[in-house]
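Dear colleague,

Please find below the structure I agreed to pass on to you. My notes on its pockets and on its backbone follow directly after it.

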Amino acid sequence: MAKVIGWGIIGCGDVTEVKSGPALQNTKNSKLVAVMRRNADLAADYARRHNVPRWYSDAQQLINDPEVDIVYIATPPASHKEYVLICAKAGKPVYVEKPMALNFTECVEMIESCHATNVSLFVAYYRRKLPKFVFIHDLINKQFAIGNPRMVKITLYRQHEEKYHDADNLPWTVKPEISGGGIFVDLACHTLDILDFILGPISSVNGHASSQLKAYTAEDSVSMSFRFENGVHGIGIWNFCSYTKFDEVEIIGDTGKICFSTFGNSAIKLTNQTGEQSFPIANPVQIQQPLIESIVEELNGNGLCPSSGVSAARTSWVMDQVLASFYNK
């Protein structure tokens with residue numbers, strides 16, 4: 001009989017309100033038993049609103065809670081390594097938000113610590129289990145809908161949002177000491193990880209990063225070229241001070257191509273010798289639930305979660321290569 005897995009959350013902020021927190025409660029054989037925030041009032045408020053039995057203002061107390069079987073670290077990346085190492089020492093499996101850490105070096109330390117204590121390490125690259133991206137994966141790798149993949153093109157740009165106008169009150173996502181970079185790190189990691197899932201690891205990468213608007217110290221424009229281990233080539237460009245929003249990934253094979261967006265619910269477009277087809281596949285409201293379900297299954301000895309520390313670290317490595325010259329200049 002499957003065990004009911006008890007979860008504890010460290011850092012119950014906005015991402016846990018809809019994307020993940022309710023999914024921990026709604027997944028079969030899963031329950032949210034404790035939450036932690038440094039602000040005790042906010043921790044208590046979250047616990048009350050989400051019917052969570054216990055709350056803490058100290059992370060170690062949550063980790064030591066005997067009913068917490070796995071710890072979900074939903075803090076900004078700067079504290080991911082610290083909490084993962086504490087969980088590993090305590091023998092508690094851990095589910096950490098993306099990006100996995102501030103850099104690849106931290107990722108390796110986290111992986112090694114969990115390996116040494118035989119602790120499972122999962123990362124919240126939840127698109128690996130979303131129906132939309134599983135469908136794309138199968139179109140390419142099982143149905144061979146575009147033949148042999150040859151190249152990838154990524155384009156994402158957005159306007160400079162109002163929340164980035166006030167230099168004295170910037171979101172943590174554009175503070176490199178907390179996030180590991182700028183909005184590129186926050187968003188591009190999802191695209192790079194899902195391409196790792198669909199096409200395999202990226203083995204070579206070169207890129208450029210700059211701050212065109214100079215509204216904050218982090219990069220706001222990035223371009224890169226890369227090659228996968230299987231020989232597929234790719235190019236990508238991201239800009240966060242453009243005139244409008246656009247989000248498209250194009251995978252071209254020798255008999256067709258697939259176009260899709262990383263974010264939102266736009267339809268998948270498949271073009272090959274049979275013509276053009278459109279596949280609208282909506283995301284679930286609690287977008288992390290399919291991945292969380294796979295974690296619960298793995299902890300109960302059934303199947304494997306597709307997003308591990310090892311796979312997530314590869315994406316951090318890619319981003320490090322692209323941003324190295326910008327931050328080391």
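In this predicted model, I begin with the elements around the largest pocket. Helices α1 (14–26), α4 (80–90) and α8 (183–199), together with strand β7 (149–159), each contribute at least two residues to the lining of that pocket. The greatest contribution is that of α8, which provides four residues.

The volume of the largest pocket is about 1100 Å³. Its lining comprises 38 residues, and those nearest the centre are D14, V15, W172, T173 and D186. Sorted by class, this lining holds 17 nonpolar, 11 charged and 10 polar residues.

The second largest pocket encloses about 230 Å³. It is lined by 15 residues, with L102, N103, G180, D320 and Y327 closest to its centre. Two or more residues of this lining come from each of α7 (176–179) and α10 (309–327). The largest share belongs to α10, with six residues. As for the character of the second largest pocket, nine of the lining residues are nonpolar, five are polar and one is charged.

I turn now to the backbone. Most peptide bonds are trans, and most residues other than glycine have a negative phi. Three places in the model deserve a separate note against that background.

The peptide bond between K98 and P99 is cis, with omega at about -15 degrees. P99 is located in the loop that runs between β5 (94–96) and α5 (104–116).

N29 is not a glycine, yet its phi is positive, at about 60 degrees. This residue sits in the loop between α1 and β2 (30–36). The helix α1 also supplies at least two residues to the lining of the largest pocket.

N118 likewise is a residue other than glycine with a positive phi, here near 55 degrees. It belongs to the loop between α5 and β6 (121–123). Is N118 buried or exposed? With a relative accessible area of 73%, N118 counts as exposed, because the cut-off for that term is over 50%.

When you open the model, I suggest viewing the two pockets first and then the three backbone sites. I would be glad to receive your comments.

With kind regards

How values were computed:
Residues are numbered from 1 along each chain as its sequence is written. This is a predicted model: local features need pLDDT of at least 70, side-chain atom pairs count only at pLDDT 80 or more; totals for chains, interfaces and linings use all residues. Side-chain values use heavy atoms; hydrogens and water are left out. On a 1 Å grid over the protein atoms alone, a cavity is a set of points where a 1.4 Å probe fits but cannot get out, and a pocket is an open set with protein on both sides within 12 Å along at least five of seven lines; lining residues have an atom within 4 Å of a point. Grid points are joined across faces, edges and corners, and a volume is the space filled by probe spheres set on the points. Ala, Val, Leu, Ile, Met, Phe, Trp, Tyr, Cys and Pro count as nonpolar, Asp, Glu, Lys and Arg as charged, and the others, Gly among them, as polar. Buried means under 20% relative accessible area, exposed over 50%, partly exposed in between (1.4 Å probe, protein chains only).
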